[in-house]
Amino acid sequence: MKITSRKVVVIRTGFVGTSIAYSMINQGLVNELVLIDVNQDKAEGEALDLLDGVSWGQENVIVRAGDYKDCKNADIVVVTAGVNQKPGQSRLDLVNTNAKIMRSIVTQVMDSGFDGIFVIASNPVDILTYVAWETSGLDQSRIVGTGTTLDTTRFRKELATKLEIDPRSVHGYIIGEHGDSEVAVWSHTTVGGKPILEFIVKNKKIGVEDLSNLSNKVKNAAYEIIDKKQATYYGIGMSTARIVKAILNNEQAILPVSAYLRGEYGQEGVFTGVPSIVNQNGVREVIELNIDAYEKKQFEKSVSQLKEVIESIK
């Protein structure tokens with residue numbers, strides 16, 4: 001296992017960036033946390049605010065505002081920069097502006113001499129993870145998008161709520177685009193180890209007709225939150241912190257991150273949300289599930305849309 005300083009840089013101190021920082025400090029994941037923002041005062045203010053709570057955290061941690069030179073010896077750079085999704089807007093609508101921002105940021109990070117792992121939490125995340133890889137020149141495995149980690153935890157939460165059980169006893173994934181074309185993998189969803197399609201036969205709380213409604217609710221969750229409070233950030237903050245933890249601790253954890261496909265699921269040349277083994281080097285391996293014919297068709301459609309967008313911004 002390589003020795004790390006447990007130094008993480010978070011770029012942009014908006015709602016998402018600060019939620020990630022807050023989650024990492026609360027969980028004692030980092031020794032040093034550097035915040036970078038075009039608004040230096042904002043970064044400094046957030047660092048001071050976070051420092052006020054360090055004595056109540058699990059570990060002592062250095063928290064400060066910095067600049068791109070601080071990326072040189074960082075283990076992980078988390079990028080959250082980009083314009084926010086507005087009510088009625090899809091994540092793919094953000095692509096042109098945010099692709100330019102991503103290219104600028106990644107170029108400045110690499111110019112510092114950075115040699116770690118990128119974690120991308122900007123939308124549309126699958127596209128921007130591709131842009132970060134293309135701009136950085138790093139191996140695809142070292143660019144990790146948040147992918148469908150948030151969608152997956154929403155999926156498990158909704159199913160658990162319906163069944164009135166602990167969401168940690170539900171196992172299943174959302175794959176594909178983090179967005180409107182995402183796919184619920186019901187064929188590999190289990191409750192207490194029992195396949196959901198077997199579970200619902202004897203369970204009066206849920207029926208086959210509920211599955212489509214539940215997956216649609218997961219798909220539209222962000223729109224509902226944005227309509228009510230203009231942004232989503234706590235869920236993605238905790239989801240991103242989970243990915244950072246897997247990398248820093250060399251966990252070999254299986255998480256549905258945005259990973260580069262090299263023929264898995266019959267697809268290649270694109271980053272998208274799929275269960276993947278995550279360790280200190282980024283994505284060690286993509287786990288290829290034996291999804292059913294309907295899910296495969298939907299996944300192919302999702303990937304096709306992502307590829308069209310990638311071609312449009314090249």
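## A walk through the pockets, the cavity and a buried strand

Start with α10, which gives the most to the lining of the second largest pocket, with six residues. Keep in mind as you look around that this is a predicted model. The second largest pocket has a volume of about 440 Å³. It is lined by 21 residues, and the ones closest to its centre are Val 183, Ala 184, Ser 215, Tyr 294 and Gln 298. If you want to find the walls by element, look for β9 (183-184), α7 (208-219) and α10 (293-313), each of which supplies at least two lining residues. As for chemistry, the lining of this second largest pocket splits into seven nonpolar, eight polar and six charged residues.

Now move over to the largest pocket, with its volume of about 850 Å³. Here 30 residues make up the lining, and Thr 149, Thr 152, Thr 153, Arg 154 and Arg 156 are the closest to the centre. Which element gives the most to the lining of the largest pocket? That's α5, with eight residues. Helix α5 spans 149-163. Also supplying at least two residues each are β7 (170-171), α8 (221-229), α9 (234-248) and β12 (253-262). The lining of the largest pocket comes out as 12 nonpolar, nine polar and nine charged residues.

One of those contributors, β12, deserves a stop of its own. Eight of its 10 residues are buried, so β12 is largely enclosed by the rest of the structure. Follow the chain onward and you reach β13 (residues 268-279), which pairs with β12 in the antiparallel sense over nine bridges. You can pick out one of the partnerships by eye: Arg 262 has Glu 268 of β13 as its bridge partner. The two strands form a hairpin with five residues between them, and there Gly 263 takes a positive phi near 110 degrees.

Time to zoom out. The chain is divided into two domains, domain 1 covering 7-145 and domain 2 covering 148-312. Taken over C-alpha atoms, the centres of domain 1 and domain 2 are 23 Å apart. How many residues of each domain are in contact with the other? On the domain 1 side there are 38, and they touch 40 residues of domain 2.

That brings us to the enclosed space. Rolling a probe the size of a water molecule over the atoms shows where empty space is left. Searching the whole structure turns up one cavity of 30 Å³ or more. The largest cavity holds about 370 Å³ of space. Its lining has 28 residues, with Val 16, Asn 84, Ala 121, Asn 123 and Thr 232 closest to the centre. The elements that give two or more residues to this lining are α1 (15-26), α5 and α8. Helix α1 has the largest share, three residues.

Why can we say that the largest cavity lies between the domains? Domain 1 and domain 2 both give residues to its lining, so the cavity sits between them. Sorted by type, the lining of the largest cavity has 13 nonpolar, 12 polar and three charged residues.

Two helices are worth a second look before you leave. Both α5 and α8 supply at least two residues to the lining of the largest pocket, and both also give two or more to the lining of the largest cavity.

Methods
Residues numbered from 1 in each chain as written. Predicted model: local features only at pLDDT ≥ 70, side-chain atom pairs only at ≥ 80, totals over all residues. Heavy atoms only, no water. 1 Å grid on protein atoms, 1.4 Å probe; cavity = no way out; pocket = protein on both sides within 12 Å on 5 of 7 lines; lining within 4 Å. Points joined across faces, edges and corners; volume = space filled by probe spheres on them. Helix = DSSP H or I, 4+ residues; strand = E, 2+ residues; numbered from the N terminus. Nonpolar A, V, L, I, M, F, W, Y, C, P; charged D, E, K, R; others polar. Buried < 20%, exposed > 50% of the residue type's maximum accessible area, 1.4 Å probe, protein only. Pairing = 2+ DSSP bridges. Domains from an automatic or database assignment. Contact = heavy atoms within 4.5 Å.
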